[in-house]
Amino acid sequence: MDKKNREPLLRVTRRDSIAWYRAWGIRLLSVVLALIVCAFVIYAIVAMNPLKVYDAMWKGAFGTVRRSWITTRDAMMLLCIGVGLAPAFRMRFWNIGAEGQILVGGIATAACMIYLGKYMPTWLLLIVMAVCSLLAGAAWGFLPALFKARWDTNETLFTLMMNYIAIQLTSFFVAKWEHPAGSNAVGIINSGTKDGWFPSIFGQQYLLNVIIVLVLAVLMFIYLRSTKHGFEIAVVGESENTARYAGISVKKVIMRTMCLSGAICGLSGFLAVSGASHTISTTTAGGRGFTAIIVAWLAKFNTFVMILISFLLVFLEKGASQIASQYNLNEYASKVITGIILFFILGSEFFINYRIVPRHRVHAQAAQAEKEEKTA
């Protein structure tokens, strides 16, 4: 057997670059293919018209004004966490502790509502709660960063373990603030006075959530792309040795960046407690700290792209719940649809970063290169 026949039929090579419109074209194609595959799956499972199922998914997320605002609120929460993870992940510091940072931010917010609500006007109380949640999240992010910078500990395990500590800490405070007694829940905090609740703006209860998170997204985009700190984060992420050679204090950058990352994730706890549920529990984070990792990675740390991805993931979640209830589908069957769509979207990133070259084209390129070499 000759050398040519021993070579693989297809070869995977990394792309040097790809035009933005081609990258988005691949992503759009992946969504279309996912919907087609889901259509076959839907028909195979329940023998229903897939278009009706997709319509139900849309109505589940945006069918009424209230549903639209709840979807927007949840998307903003997810976006806030993704924005918080962006600087850490860009630095290649694997912050898996967003869940814990959200919870401690929520604890700080709930404590302010319970103990300070009677003594402060709403505007001042909101500021105090925001600052306390930022500080709590920053402290939760600083500890693993300190150990990483000083003793090169594994940040993935460290931040993951911090989640469990935060969960137990939340359980402690839930027991401490239990209301009514024996309910094993805090209940709605300040339900009568609404001290510490986000005020309605133009009649919309969740508009302040949207404003805060969108401002954060814009500021983070500028911070990562146009500031000295953002440049240092990128350099440390590419190579710590290069950063040291350039005179950058790697330890300082690690601790500073993780304080920022933890602070923004802590602020999302403020949004969850003060701007949405008005209570605190071990489920306040609701797994969004892990879902936001997908948001940050798919967007390649571009906070504007994160907006689209956050809405997509929340839409899929709301849509899956709607079709499960409307058509009496098993909860897991509806999640299969979500999983297929996510699989295709994640898979599209492979074709954006790599290309598949057939064997005959590899030989043609090699022959062309040899010809050019001889001519030269």
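At 37% relative accessibility, K300 counts as partly exposed. That residue makes a handy way into this predicted model, since its backbone is a bit out of the ordinary. K300 is not a glycine, yet its phi is positive, at about 55°. Most residues other than glycine have a negative phi, and most peptide bonds are trans. K300 sits in the loop between α12 (288-298) and α13 (303-326).

K300 also turns up in the surroundings of E349, a residue of helix α14 (residues 331-353). Leaving aside neighbours within four places in sequence, E349 is in contact with R27, L298 and K300. With R27, the side chains of the pair make a polar contact at 2.9 Å. E349 has a relative accessible area of 10%, and because buried means under 20%, E349 counts as buried.

Stepping back to the whole protein, there are 15 helices and two strands. The C-alpha atoms fill a box of roughly 85 × 65 × 40 Å, taken along the principal axes. Of the 376 residues, 45% are buried. Looking at contacts between residues at least 6 apart in sequence, 78% join residues at least 24 apart.

Helix α11 (residues 250-277) is a good place to look at packing. Two packed helices are described by the angle between their axes and the distance between the axes. For helix α6 (residues 122-151) against α11, the angle is about 145° and the axes are 6 Å apart. The crossing of α6 and α11 is right-handed, and the residues in this contact break down into 18 nonpolar, six polar and two charged.

C259 belongs to helix α11 and gives a closer view of the α11 surroundings. Contacts of C259, beyond neighbours within four places in sequence, are with A138 and F142. C259 and A145 are separated by 114 residues in sequence, but their C-alpha atoms lie 8.1 Å apart in space. With a relative accessible area of 24%, C259 is partly exposed.

S274, also in helix α11, is buried, and its relative accessible area is 0%. Its side chain reaches the backbone oxygen of G196 at 2.4 Å. Not counting residues up to four places away in sequence, S274 touches T109, M113, L126, M129, G196, W197 and F198. So G196 shows up twice for S274, as the owner of that backbone oxygen and as one of the residues touched, while S274 itself is buried.

Helix α9 (residues 228-238) is another partner of α11: the two axes come within 10 Å and cross at roughly 110°. That makes α9 roughly perpendicular to α11, since angles of 65 to 115 degrees fall in that class. This crossing is left-handed. On the α9 side, the contact involves H229, E232, I233 and V236, which meet V250, V253, R256 and T257 in α11. Sorted by class, the contact has four nonpolar, two polar and two charged residues.

Two of those α9 contact residues with nonpolar side chains, I233 and V236, meet α11 and are also on the list of buried residues in α9, which runs G230, E232, I233, V235, V236 and G237. E232 likewise appears both in the contact with α11 and among the buried residues. The buried residues of α9 don't pack against α11 alone; their partners are α4 (65-90), α8 (207-226), α10 (240-245) and α11.

Two further backbone oddities turn up in the loop between α7 (155-176) and α8, where P180 is placed. The peptide bond from H179 to P180 is cis, with omega near -5°. N190 lies in the loop between α7 and α8 too, and has a positive phi of about 55° although it is not a glycine. N190 has a relative accessibility of 22% and therefore counts as partly exposed. K300 has a positive phi of about 55° as well, and is likewise partly exposed, at 37%, but it is found in the loop between α12 and α13.

Technical notes:
Residues are numbered from 1 along each chain as its sequence is written. This is a predicted model: local features need pLDDT of at least 70, side-chain atom pairs count only at pLDDT 80 or more; totals for chains, interfaces and linings use all residues. Side-chain values use heavy atoms; hydrogens and water are left out. Helices (H or I, at least four residues) and strands (E, at least two) are DSSP runs, numbered from the N terminus. Buried means under 20% relative accessible area, exposed over 50%, partly exposed in between (1.4 Å probe, protein chains only). A polar contact is a pair of N or O atoms within 3.5 Å; within protein, one must be able to donate a hydrogen and the other to accept it, and residues adjacent in sequence count only if both atoms are side-chain atoms. Contact means heavy atoms within 4.5 Å. Axes are lines fitted to C-alpha atoms, for helices over the stretch in contact, and angles run from 0 to 180 degrees between N-to-C directions. Angles under 35 degrees count as roughly parallel, over 145 as roughly antiparallel, 65 to 115 as roughly perpendicular and the rest as oblique. A crossing is left-handed if the near helix is turned anticlockwise from the far one by less than a right angle, and right-handed if clockwise. Ala, Val, Leu, Ile, Met, Phe, Trp, Tyr, Cys and Pro count as nonpolar, Asp, Glu, Lys and Arg as charged, and the others, Gly among them, as polar.
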